[in-house]
Amino acid sequence: LAPGGVVIAEHRRSFGLPEQAGALTCYRVLRQGDAALSFYRRAAKASGKNDSAP
């Protein structure tokens, strides 16, 4: 995943995805009807550096 990249997973609203998936962290979930979108981005490194910063 490129720096600043986002992974969006579409799933059933009733199916909860994990907060962490490897190096990815869920930062937003949108729910509408029976569907949901979970937004993931790479977790910030321990050094405090944010991968999404330019």
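Buried means under 20% relative accessible area, exposed means over 50%, and partly exposed lies in between. The legends below use these words for a predicted model.

**View 1. Leu-37 is a partly exposed residue of strand S4.** Leu-37 has a relative accessible area of 31%, so this residue falls between the two cut-offs of 20% and 50%. Its place is in S4, which covers residues 35-42. Across the pairing with S1, Glu-10 stands opposite Leu-37. Leu-37 also belongs to a nonpolar surface patch.

**View 2. Five residues form a nonpolar patch on the surface.** The members are Val-6, Ile-8, Tyr-27, Leu-30 and Leu-37. Together they have about 390 Å² of accessible area. For the chain, the exposed area is about 4,100 Å². Carbon and sulfur atoms supply 53% of that chain area.

**View 3. Ser-38 is buried in strand S4.** Is Ser-38 buried or exposed? Its relative accessibility is 2%, so Ser-38 counts as buried under the 20% cut-off. The next residue back, Leu-37, is partly exposed at 31%. In a regular strand, side chains alternate between the two faces of the sheet.

**View 4. Ser-38 makes a side-chain polar contact with His-11.** The contact joins the two side chains at 2.7 Å. His-11 is also among the residues that Ser-38 touches, leaving out those up to four places away in sequence. The others on that list are Val-7, Ile-8, Ala-9, Leu-17, Cys-26, Arg-28 and Val-29. Val-29 has a further link to Ser-38: the two stand opposite each other in the pairing of S3 with S4.

**View 5. Four strands form an open antiparallel sheet.** The strand order is S1-S4-S3-S2. S1 and S2 are the edge strands, and each pairs on one side only. Along the chain, the elements run β-β-β-β from the N terminus. There are 0 helices. Strands of a sheet pair through backbone hydrogen bonds.

**View 6. S4 pairs with S1 and with S3.** How many bridges join S1 to S4? S1, residues 7-12, is joined to S4 by 6 bridges. S3 is joined to S4 by 8 bridges. Both pairings are antiparallel. In the pairing of S3 with S4, the bridge partner of Cys-26 is Tyr-40.

**View 7. S3 and S4 form a hairpin.** The turn has 2 residues between the strands. Gly-33 lies in this turn, with a positive phi of about 60°.

**View 8. S2 and S3 form a hairpin.** Here, too, 2 residues lie between the strands. Gly-22 is in the turn and has a positive phi of about 65°. S2 spans residues 20-21, and S3 spans residues 24-32. They pair in the antiparallel sense over 2 bridges. Ala-21 stands opposite Leu-24. Gln-20 has Thr-25 as its bridge partner.

**View 9. The chain as a whole has 54 residues.** Buried residues make up 17% of them. Ser-38, at 2% relative accessibility, counts as buried. Consider contacts between residues at least 6 apart in sequence: 34% of these join residues at least 24 apart.

Terms used: Residues are numbered from 1 along each chain as its sequence is written. This is a predicted model: local features need pLDDT of at least 70, side-chain atom pairs count only at pLDDT 80 or more; totals for chains, interfaces and linings use all residues. Side-chain values use heavy atoms; hydrogens and water are left out. Patches are made of residues with over 30% relative accessible area and no salt bridge: like charges are joined within 9 Å, nonpolar side chains (Val, Leu, Ile, Met, Phe, Trp, Tyr) within 5 Å. Accessible areas come from the Shrake-Rupley method with a 1.4 Å probe; for residues, only the protein chains shown count as cover. A salt bridge is a side-chain nitrogen of Lys or Arg within 4 Å of a carboxyl oxygen of Asp or Glu. Buried means under 20% relative accessible area, exposed over 50%, partly exposed in between (1.4 Å probe, protein chains only). A polar contact is a pair of N or O atoms within 3.5 Å; within protein, one must be able to donate a hydrogen and the other to accept it, and residues adjacent in sequence count only if both atoms are side-chain atoms. Contact means heavy atoms within 4.5 Å. Two strands pair if DSSP finds at least two bridges between them.
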